[in-house]
Structure formats: structure tokens, C-alpha cells
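Colleague: Please pick one part of this structure and take me through it slowly. I am new to this, so explain each term when it comes up.

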Amino acid sequence: MQAFDTDVRDRIIKLVKGILEQNSLTAAIAPQAKLVDAGLSSMDMVNLMLGVEAEFDFTIPQSEITPENFQSVETLERMVATQLQLAAAA
């Protein structure tokens, strides 16, 4: 499970860094750091949501599109892991 968690985290960090680079920003992304503090705007959050859906090949349920789930890499990672586990169990 550890390798899975690291892979999910690395992929999310890569998505966040890609969005920051599009905005000509660079920041060290700590898993627990707030994404808005790193420089992501509300529009960037929408792009991040779409990027997560494309990267992990699932649609985020409306009930999971909350500020809490998009607060940090860590919260996103938990939500993605839960969705992937639900998909695997289906």
C-alpha cells in the first residue's frame, strides 16, 4: 500500500506543479500545505479537479467536490485513494 500511496501523491504533486508552472509560479509543495497558499486560484482548482479526473481515469462524484478535499495534496490524496478503492471494489 505504501508504494500506491507514494505514486498517488507524486502524481498529484506533478499536477499541482504543472498548474503553477502555467501561471509562471514555482513552489515547494508539501503534502499538508494549503494549495491556495501555494498560489492556486479558484480557476486553477477547477483545472486541478479535471486533471485529477484525467490522471486517475475516474469522475469525481459531486459530493466529493468540496473545499476540504481540495485543501492540500494530502486531502486530495485521501479522496483519490478512496475513489480508486471504490472503483476497484465495484
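**A close look at helix 3**

Modeller: Leu-50 has its place in helix 3. Helices and strands are DSSP runs, numbered from the N terminus; a helix is H or I with at least four residues, and a strand is E with at least two. The model is predicted, so local features need pLDDT of at least 70 and side-chain atom pairs count only at pLDDT 80 or more, while totals for chains, interfaces and linings use all residues. Residues are numbered from 1 along each chain as its sequence is written, and side-chain values use heavy atoms, with hydrogens and water left out.

Start with the helix as a whole. Helix 3 is made of 15 residues, and from its first C-alpha to its last it reaches 21 Å, close to the 21 Å expected at 1.5 Å a residue. The expected span is 1.5 Å times one less than the number of residues in the helix.

Now look at which residues are covered. Buried means under 20% relative accessible area, exposed means over 50%, and partly exposed is in between, with a 1.4 Å probe and protein chains only. In helix 3 the buried residues are Asp-44, Met-45, Leu-48, Met-49, Gly-51, Val-52, Glu-53 and Phe-56. Leu-50 is partly exposed, at 44% relative accessibility. Leu-50 joins Met-43 and Val-46 in a nonpolar surface patch of about 270 Å². Patches are made of residues with over 30% relative accessible area and no salt bridge, where nonpolar side chains (Val, Leu, Ile, Met, Phe, Trp, Tyr) are joined within 5 Å and like charges within 9 Å. Accessible areas come from the Shrake-Rupley method with a 1.4 Å probe, and for residues only the protein chains shown count as cover.

Leu-48 is a good residue to follow into the interior. Leu-48 is in helix 3, and it is buried, with a relative accessible area of 0%. Not counting residues up to four places away in sequence, Leu-48 touches Leu-15, Val-16, Ile-19, Leu-35, Leu-40, Phe-70 and Leu-76. Contact means heavy atoms within 4.5 Å. Val-16 is 32 residues from Leu-48 along the chain, yet their C-alpha atoms are separated by 6.9 Å.

These residues belong to a wider picture. A nonpolar core is a set of buried Ala, Val, Leu, Ile, Met, Phe, Trp, Tyr and Cys residues joined through side-chain atoms within 4.5 Å. The largest nonpolar core has 23 residues, and Val-16, Leu-48 and Val-52 touch the most other members. Helix 1, helix 2 (35-38), helix 3 and helix 4 each give two or more residues to this core. Helix 1 gives the most, with 7 residues.

Charged side chains make another link to helix 1. Side chains of opposite charge can pair when their charged atoms come close. A salt bridge is a side-chain nitrogen of Lys or Arg within 4 Å of a carboxyl oxygen of Asp or Glu. Glu-55 and Arg-11 meet in one, at 2.7 Å from N to O. Glu-55 lies in helix 3 (residues 42-56) and Arg-11 in helix 1, so this pair ties together parts that are 44 residues apart in sequence. Glu-55 is partly exposed, at 33% relative accessibility, and Arg-11 is also partly exposed, at 25%.

Arg-11 has another partner. Asp-7 forms a salt bridge with Arg-11, with the closest N and O atoms 3.1 Å apart. Both lie in helix 1 (residues 2-22), 4 residues apart, which is about one turn of the helix. Asp-7 is partly exposed, with a relative accessible area of 34%. Asp-7, Arg-11 and Glu-55 are thus linked in a network of salt bridges. The whole structure has 3 salt bridges; one of them joins Arg-9 and Glu-77, whose closest N and O atoms are 2.8 Å apart.

Last comes the end of the helix. Helix 3 is followed by Asp-57, which has a positive phi near 60°. Asp-57 is a residue other than glycine, and it lies in the loop between helix 3 and helix 4. At 70% relative accessibility, Asp-57 counts as exposed. To sum up, helix 3 has buried residues such as Leu-48, a partly exposed Leu-50, and a salt bridge from Glu-55 to Arg-11.
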